[in-house]
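Hi everyone, thanks for coming. Please pull up the structure on your own screen, and we will walk through it together.

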Amino acid sequence: MSSHAPAQHFQVDLRGVIDLLSRHIYSGPRVFLRELLQNAVDAIAARREVDGGGGRVRITPISASSDEFVLRDDGVGLTLDDVADLLGTVGRSSKRDVFDLPRSDFLGQFGIGMLSCFMVCDDIVIRSRSARGSTPVQWRGRTDGTFEVGAAPDDTPVGTSVHLRPRGDSRALLSTATVIELAETFGRFLPISVSVDLPAGGETTITAAPPFLGDDREEQAAYGRELLGAEPLAIIPLAVPATQTRGLAFVLPFAPASTARQSTRVYLQRMLLTERAEDLLPDWAFFVRAVVDSAGLHPTASREALVADDALEQTRTELGDAIRRWILDLALSDPLRLAQVVSVHEVALKSLVRHDDELARFIVPWLSVETNVGRLRIDDLVGRSSPVRFAESVEAFRQVASVSPAGSILVNGGYLYDDELIRMLPEVMPDVRVEAVDVVDEIDRLDPPPWDQRALALAFEERARDALGAVEVVARAFERAETPALFVADPDVLRALDRGRARSAGGSLWAGVLDRAERAGARPLDQAHDRPASRLCVNWTNPTVQRLAHAPEGRAFAAGVQVLYVQALLAGHHPLGGGDRALMSSALADLIELAASSPDPLTKGPE
């Protein structure tokens, strides 16, 4: 034997549903007008299938003389059965065809869209007359979940009117100024007429033809100026027939912030979906602002974003291809204009060419990189430097540039995409060779002071070490005499300095032993003691270093070495600790005191 309990109905707390709508589905109460406009547009589309009529929405905001907001449409209207079916069940939709399949040419869902009005009022009154020829009907719903259905006045025209009386905290949303703003935001380009009644009489028409779907270049440029707040650098047509998506991409006349992402204004059947869709264009396309209208992309439940489905993926790919083709055509037909675009949006183009070999062949020569002789375009760089030498980080670039031979060109690969750009040059330009260098390589190439000055150099190192305390000092001959010193803290660079010191003290046999030990991973013999954590590598060819090397022992020498050390820290963009700042202050005080008491405490020059 089995028994079945009688069927039970869920008890729905409509206030809770409204809170859910406002907090988790819709972004806020402002969307109530969008929902009403969507319902009106769908009703007009349905009426045109019935008798070819309809096409107008009229909105009357609240005013000083009336607390009632009214939105009227001349659409297909509702019968008594429609009211019971659609408004008595949350989420039920009339947007279905004769086979009960969803209709793609309608925007909204009538029941849940109407509930959004409860975010601004406690009662909703709907009056409607069907174009199919029935008596007019009225529906009144309340936030407690109850509703009433009855007859509407006999003079109710074909179509539907929605009547709202705002709660105290929502009056501003139903006022004339806000209603006009919201109607323009959401419904400016709807394919119907939308007008708003004005308090002093008359009306203002909201709707207009969308410039981004037309062919008038002046109107497109004007719309671009409105969108960007400046004259667009260029306008790119966009079209994806498979998803019925069309529009324009406006090239920004300024470089966006490095953290910026692309964003697109999206309309669905000319109703605004979102101002800033971040997933409709490829990530590299952040140098354009696009506006599109689509009939084949699908909105989320809130109708404020796009569903991530195959239609979106296909549209994103084809829109990216359209922008890419435009760049390629520009490279072939208008190089001067391309140079202008590159000068503004170089970072975005560097990102693009990393994954597009065909485009890279045309674009890479126009791109530029930072070097130790200033910013150079790639085609200029490869003509002046072979191989193209580059440092992989900003820190390595600063150190290598300070010890590189005069006249050599070094690329700073530490900026975004520049490392990858230089590495790909042999693929784009087959005759070009590239070489990654670092300060270890350059330090290894530095010669010790000449033999006839070796004793003086060793004495200078010892005296300078005493002046600096914990900082080791080593002298090397830089080819560029203008660089006085290099501060070194990298362990690999310290080992390179030690190798150089050992080689200078012994013969070729000892140097070979050191090299084999390094390759085998063993610690060289000269590093058996605890090596300092940092060193000051001074340039023996620098005039200031030479004067210090010949200066007598005393405060002037110590202060000079200390200033040299702090200068090397600053030149290498190393942060100054408290001890470094105190050392700098003390050294400057000593130099000022000595300068005040003697014409020149370092008058003794090289002997």
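I will go through two sheets, the helices that pack on them, and then a few single residues in loops.

One thing to keep in mind before we start: this is a predicted model.

Let's begin with a bit of background. Strands in a sheet pair through backbone hydrogen bonds, and they can do so in parallel or antiparallel fashion.

Now find the sheet made of 8 strands. It is an open sheet with mixed pairing, and its order is 5-4-3-6-2-1-7-8. Which strands stand at its edges? They are strand 5, residues 147–151, and strand 8, residues 203–205, and each of them pairs on one side only. On average, neighbouring strands in this sheet are turned by 15 degrees against each other, if we ignore direction.

Let's zoom in on one pair here. Strand 2, residues 69–73, and strand 6, residues 159–166, are antiparallel partners, joined over 5 bridges. If you click on D73, you can look across to T160, its bridge partner in strand 6.

Next, bring in the helices. Helix 2 lies across strand 1, strand 2, strand 6 and strand 7, and it runs at about 25 degrees to strand 2. Helix 5 packs on the sheet as well, where it touches strand 1, strand 2, strand 7 and strand 8. The direction of helix 5 makes about 170 degrees with that of strand 7.

These two helices also pack against each other. How far apart are the axes of helix 2 and helix 5? The axes are 9 Å apart, and the angle between helix 2, residues 31–50, and helix 5, residues 176–187, is about 55 degrees. The two helices are therefore oblique to each other. Their crossing is right-handed. On the helix 2 side, the residues that meet helix 5 are F32, L33, R34 and L37. On the helix 5 side, they are V179, L182, A183, F186 and G187. Sorted by class, this contact has 7 nonpolar, 1 polar and 1 charged residues.

Now let's move along to another sheet. Here 5 strands form an open sheet in the order 9-10-13-11-12, and the pairing is mixed. Strand 9, residues 234–240, and strand 12, residues 271–277, each have a single partner strand, so one side of each is left without a neighbour in the sheet. Neighbouring strands in this sheet are turned by 15 degrees on average, direction ignored.

In which sense do strand 11 and strand 13 pair, parallel or antiparallel? Strand 11, residues 263–268, and strand 13, residues 288–294, pair in the parallel sense, over 6 bridges. As a landmark, T264 stands opposite A290 in strand 13.

This sheet has helices on it too. Helix 6, residues 217–228, lies across strand 9, strand 10, strand 11 and strand 13, and its angle to strand 10 is about 65 degrees. Helix 7, residues 310–333, touches strand 9, strand 10 and strand 13, and its direction makes about 145 degrees with that of strand 9.

Let's go further along the chain, to strand 20, residues 485–488. A485 and F487 point one way from this strand, L486 and V488 point the other way, and all are buried. Strand 20 pairs with strand 21, residues 535–539, in the antiparallel sense over 4 bridges. In that pair, A485 has V538 as its bridge partner.

Now look at the loop between strand 19 and strand 20, where you will find A477 and T483. A477 is partly exposed, with a relative accessible area of 22%. T483 is buried, at 11%. Setting aside neighbours within four places in sequence, A477 is in contact with L446, D447, P448, N539, W540 and T541. On the same basis, T483 is in contact with S402, F478, N539 and N542.

Last, some backbone details. Most residues other than glycine have a negative phi, and most peptide bonds are trans. With that in mind, look at Q244, in the loop between strand 9 and strand 10. Its phi is near 50 degrees, a positive value, and Q244 is exposed, with a relative accessible area of 54%. Y417 has a positive phi as well, near 75 degrees, but Y417 is buried, at 18%. And where is the cis peptide bond I want to show you? It runs from S386 to P387, with omega near -5 degrees. P387 lies in the loop between helix 11 and strand 16.

Thanks for listening!

Terms used:
Residues are numbered from 1 along each chain as its sequence is written. This is a predicted model: local features need pLDDT of at least 70, side-chain atom pairs count only at pLDDT 80 or more; totals for chains, interfaces and linings use all residues. Side-chain values use heavy atoms; hydrogens and water are left out. Axes are lines fitted to C-alpha atoms, for helices over the stretch in contact, and angles run from 0 to 180 degrees between N-to-C directions. Angles under 35 degrees count as roughly parallel, over 145 as roughly antiparallel, 65 to 115 as roughly perpendicular and the rest as oblique. A crossing is left-handed if the near helix is turned anticlockwise from the far one by less than a right angle, and right-handed if clockwise. Contact means heavy atoms within 4.5 Å. Ala, Val, Leu, Ile, Met, Phe, Trp, Tyr, Cys and Pro count as nonpolar, Asp, Glu, Lys and Arg as charged, and the others, Gly among them, as polar. Buried means under 20% relative accessible area, exposed over 50%, partly exposed in between (1.4 Å probe, protein chains only). Two strands pair if DSSP finds at least two bridges between them.
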